[in-house]
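Me: I am new to this structure and should like to go through it by question and answer. Please show it first.

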Amino acid sequence: MFASVPLLAISFVLYNIVVFATGSAAGDPLQTEVFSMGMMSGGRFSLNMGDGIIIASLILLFFEILKSTRTSNASVVDHLLSTGVFIVFLVEFLLVPSAATGVFFIIMVMALIDVMAGFSVSIRSSGRDINYN
């Protein structure tokens, strides 16, 4: 059952927790520095919350694409749920002012790539299952 849950829904929930839980009094929560270190070059590498969410989403997208290579009845449900997650992303992007950020847009594009990759892999693999005699 949990294998069909779209992993990018975790990114959606994480983004909303970060943005809405901190409120507007703390400034932009996506710009909060999470990690920083000095480099050998003398420069400073810093990672903010928005960058961390994008990195986590990329990792989840990798596992979603791996899940899309399954050929079972559960993969159809997985594709439908992934499409639903993308639609929720799109609706929030269009209607919620706090979602009108580059970070949210990038995660939404990842959800679109997940949908397109899932259907493409399924169509490609189903073509190999057909035997012509």
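Me: Are Lys-67 and Asp-78 buried or exposed?
Reply: This is a predicted model, in which local features need pLDDT of at least 70, side-chain atom pairs count only at pLDDT 80 or more, and totals for chains, interfaces and linings use all residues. Residues are numbered from 1 along each chain as its sequence is written, and side-chain values use heavy atoms, with hydrogens and water left out. Buried means under 20% relative accessible area, exposed over 50%, and partly exposed in between, with a 1.4 Å probe and protein chains only. Lys-67 has a relative accessible area of 15%, and both Lys-67 and Asp-78 are buried.

Me: Which residues are linked with Lys-67 in a network of salt bridges?
Reply: A salt bridge is a side-chain nitrogen of Lys or Arg within 4 Å of a carboxyl oxygen of Asp or Glu. Lys-67 forms one with Asp-78, with the closest N and O atoms 3.7 Å apart; this pair links distant parts of the chain, Lys-67 being in helix H2 and Asp-78 in helix H3, 11 residues apart. The side chains of Lys-67 and Glu-64 meet in another, at 3.1 Å from N to O. The network thus joins Lys-67 to Glu-64 and Asp-78.

Me: How many helices and strands does the protein chain have?
Reply: Helices (H or I, at least four residues) and strands (E, at least two) are DSSP runs, numbered from the N terminus. Along the sequence the protein chain follows the pattern α-β-β-α-α-α. The secondary structure therefore comes to 4 helices and 2 strands.

Me: Where do the buried residues of H2 lie around the axis?
Reply: The buried residues of H2 are Gly-50, Ile-53, Ile-54, Ser-57, Leu-60, Leu-61, Glu-64 and Lys-67. They cover an arc of only 130 degrees around the axis, where the arc is that of the directions from the helix axis to the C-beta atoms. This places them on the same side of H2.

Me: Which residue caps the N-terminal end of H2?
Reply: The capping residue lies in strand E2 (residues 44–48). One of its side-chain oxygens is 3.3 Å from the backbone nitrogen of Gly-50. At 14% relative accessibility, this residue counts as buried. The cap is Asn-48.

Me: What distance separates the end C-alpha atoms of helix H1?
Reply: Helix H1 (residues 8–22) has 15 residues. The expected span of a helix is 1.5 Å times one less than its number of residues, which for H1 gives 21 Å. The end C-alpha atoms agree with this, being apart by 22 Å.

Me: Which helix gives the most to the nonpolar patch?
Reply: Patches are made of residues with over 30% relative accessible area and no salt bridge, like charges being joined within 9 Å and nonpolar side chains (Val, Leu, Ile, Met, Phe, Trp, Tyr) within 5 Å. The nonpolar surface patch is about 520 Å² and is made by Ile-65, Phe-105, Ile-106, Val-109, Leu-112, Ile-113 and Met-116; accessible areas come from the Shrake-Rupley method with a 1.4 Å probe, and for residues only the protein chains shown count as cover. Met-116 is partly exposed, with a relative accessible area of 47%. With 6 residues, the helix that gives the most is H4.

Methods:
A polar contact is a pair of N or O atoms within 3.5 Å; within protein, one must be able to donate a hydrogen and the other to accept it, and residues adjacent in sequence count only if both atoms are side-chain atoms.
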